[in-house]
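Subject: Structure handover

Hello,

Here is the structure we talked about handing over. Please open it alongside this email, and my notes follow below.

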Amino acid sequence: MEKADLNWGELPFSYIKTDCHLEYYFRNGSWDEGAVVADDKISLSVAATCLHYGQECFEGLKVFEAPDGSAQIFRIEENARRMIRSAQKIHMSPLPVDMFIDAIFKLVKLNKRFIPPHGSGASLYIRPLILGISSLIGVKPSTDYLFMAMCTPVGPYFRTGLKPIKLIVEEDIDRAAPQGVGDVKVGGNYAAGLRATIKAKEAGYAEVLYLDAGNKEYIDESGPANFFGITHDDKYITPDSNTILPSITNNSLMAIAKDMGLTVEKRPVSVKELPNLKEAGCCGTAAVITPVKSITYRDEVYTYGDGETVGSISGELYKRLTDIQNGLVEDKFEWTRKIPLG
């Protein structure tokens, strides 16, 4: 298959224009059949609800080239179901699962020359999103929606590999409120976290570790990613809360951890448990696992491992998950699907 003229081994994790994106409109109670659009610009009313009242949700998933040259996508059904949950929570019309999958498959086929070669360390990143587009000034749900699916080839999130980062526990800024929208993938959650992230970076940290908004006692998320820890008795623990986005990567890591013989506990995790961990990490689609070398909480600094290299368990979890994504091992969990490109 002819590939785009790109330096695949040096791709950044950023946007590169591809051949097209897809657009589907919801009007008069139903979705249309969609259109292929070569331009990477869209036209919106100045009164669109997505611009004024944040009626917007999105997803992120990746396509990988297997050793035989075929294209495979990771856990697409889970992304489709999560987008439905996000859309419904902010009163948007969701895209049915089958329609979501068909759209992504079509997008990948149309942009197949941008699928990075196997072994390059790169992947094709897919970004589906739904926007409320009705022209409204009053605060109420849109009646018309735009579903778009775009893609871009990306390199590894961290070009230097799994380099451990420093986190600081954030106590003054809340990521999400109980009974709010912290458990769905809407743009406002990420905008709300920018001030905490910028404050942390200015202080020399990579990201923040949020606590629950109510009592400031239990760990929530780390910036835009789920958090997990490995205890000294080999338990994989990860916070459980209705303010946390259910991470597909985290759910996958929990299944792999069980397969490795670890005890998995998804439960409220007190900030006081930080000294009991031997490894810690953040997890999500972009980086899979970001190892944590230290967490600062008030006057204490908790360091994990030697502070320079990824822990043995986190490293094995990362390897097993990425081997499945890249088609290097048998996918006994049946997480990947082949995308017809012919």
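Let me start with a helix pair. From α2, the residues Ile76, Glu77, Asn79, Ala80, Arg81, Met83 and Ile84 make contact with Val97, Phe100, Ile101, Ile104 and Phe105 of α3. Sorted by class, this α2 to α3 contact has 9 nonpolar residues, 1 polar and 2 charged. Bear in mind that this is a predicted model.

Now the geometry of that pair. Helix α2 covers residues 76-89, and helix α3 covers residues 97-110. Their axes come within 9 Å and cross at roughly 125°. That angle makes α2 oblique to α3. The crossing of α2 past α3 is right-handed.

Stay with α3 for one residue. Ala103 sits in this helix. Is Ala103 buried or exposed? Ala103 is buried, at a relative accessible area of 0%. Setting aside neighbours within four places in sequence, Ala103 is in contact with Leu22, Tyr24 and Phe147. Glu23 is worth marking too: it lies 80 residues from Ala103 along the chain, and the two C-alpha atoms are separated by 9.3 Å.

The second helix pair is α5 with α6. Helix α5 spans residues 248-259, and helix α6 spans residues 312-325. They pack at an angle of about 110°, with axes 10 Å apart. The two helices are therefore roughly perpendicular to each other. α5 passes α6 in a right-handed crossing.

Which residues meet here? On the α5 side they are Thr249, Ser252, Leu253, Ile256, Ala257 and Asp259. On the α6 side they are Leu317, Arg320, Leu321 and Ile324. By class, the contact of α5 with α6 divides into 6 nonpolar, 2 polar and 2 charged residues.

Leu321 deserves its own look. It belongs to helix α6. Its relative accessibility is 0%, so it counts as buried. Leaving out neighbours within four places in sequence, Leu321 touches Thr249, Ser252, Leu253 and Ile256, among others. Phe74, Val288 and Trp335 are also among its contacts beyond that sequence window. Take Ser252 as one of these partners: Leu321 and Ser252 are 69 residues apart in sequence, yet 7.6 Å apart in space, C-alpha to C-alpha.

Next, the cysteines. How many disulfides does the structure hold? The count is 0. For Cys151, the closest cysteine sulfur is in Cys20, at 6.9 Å, which is too far for a bond. The cut-off for a disulfide is sulfur atoms within 2.5 Å. Cys282 is in no disulfide either; the nearest cysteine sulfur, in Cys283, is 7.6 Å away. Are these two residues buried or exposed? Cys151 is buried, with a relative accessible area of 2%. Cys282 counts as buried too, at 5% relative accessibility.

Two backbone angles are worth checking. Most residues other than glycine have a negative phi. Asn28 has a positive phi, near 55°. It is found in the loop between β1 (21-27) and β2 (30-31). Asn28 is exposed, with a relative accessible area of 81%.

Gln179 is the other case. Its phi is near 70°, again a positive value in a residue other than glycine. Where does Gln179 lie? It is in the loop between β9 (165-170) and α4 (187-202). At 68% relative accessibility, Gln179 counts as exposed.

One last loop residue. Gly161 lies between β8 (145-154) and β9. It is partly exposed, with a relative accessible area of 30%. Gly161 and Pro268 are 107 residues apart in sequence, and their C-alpha atoms are 30 Å apart in space.

That is the tour. Over to you.

Best wishes

Technical notes: Residues are numbered from 1 along each chain as its sequence is written. This is a predicted model: local features need pLDDT of at least 70, side-chain atom pairs count only at pLDDT 80 or more; totals for chains, interfaces and linings use all residues. Side-chain values use heavy atoms; hydrogens and water are left out. Buried means under 20% relative accessible area, exposed over 50%, partly exposed in between (1.4 Å probe, protein chains only). Axes are lines fitted to C-alpha atoms, for helices over the stretch in contact, and angles run from 0 to 180 degrees between N-to-C directions. Helices (H or I, at least four residues) and strands (E, at least two) are DSSP runs, numbered from the N terminus. Angles under 35 degrees count as roughly parallel, over 145 as roughly antiparallel, 65 to 115 as roughly perpendicular and the rest as oblique. A crossing is left-handed if the near helix is turned anticlockwise from the far one by less than a right angle, and right-handed if clockwise. Contact means heavy atoms within 4.5 Å. Ala, Val, Leu, Ile, Met, Phe, Trp, Tyr, Cys and Pro count as nonpolar, Asp, Glu, Lys and Arg as charged, and the others, Gly among them, as polar.
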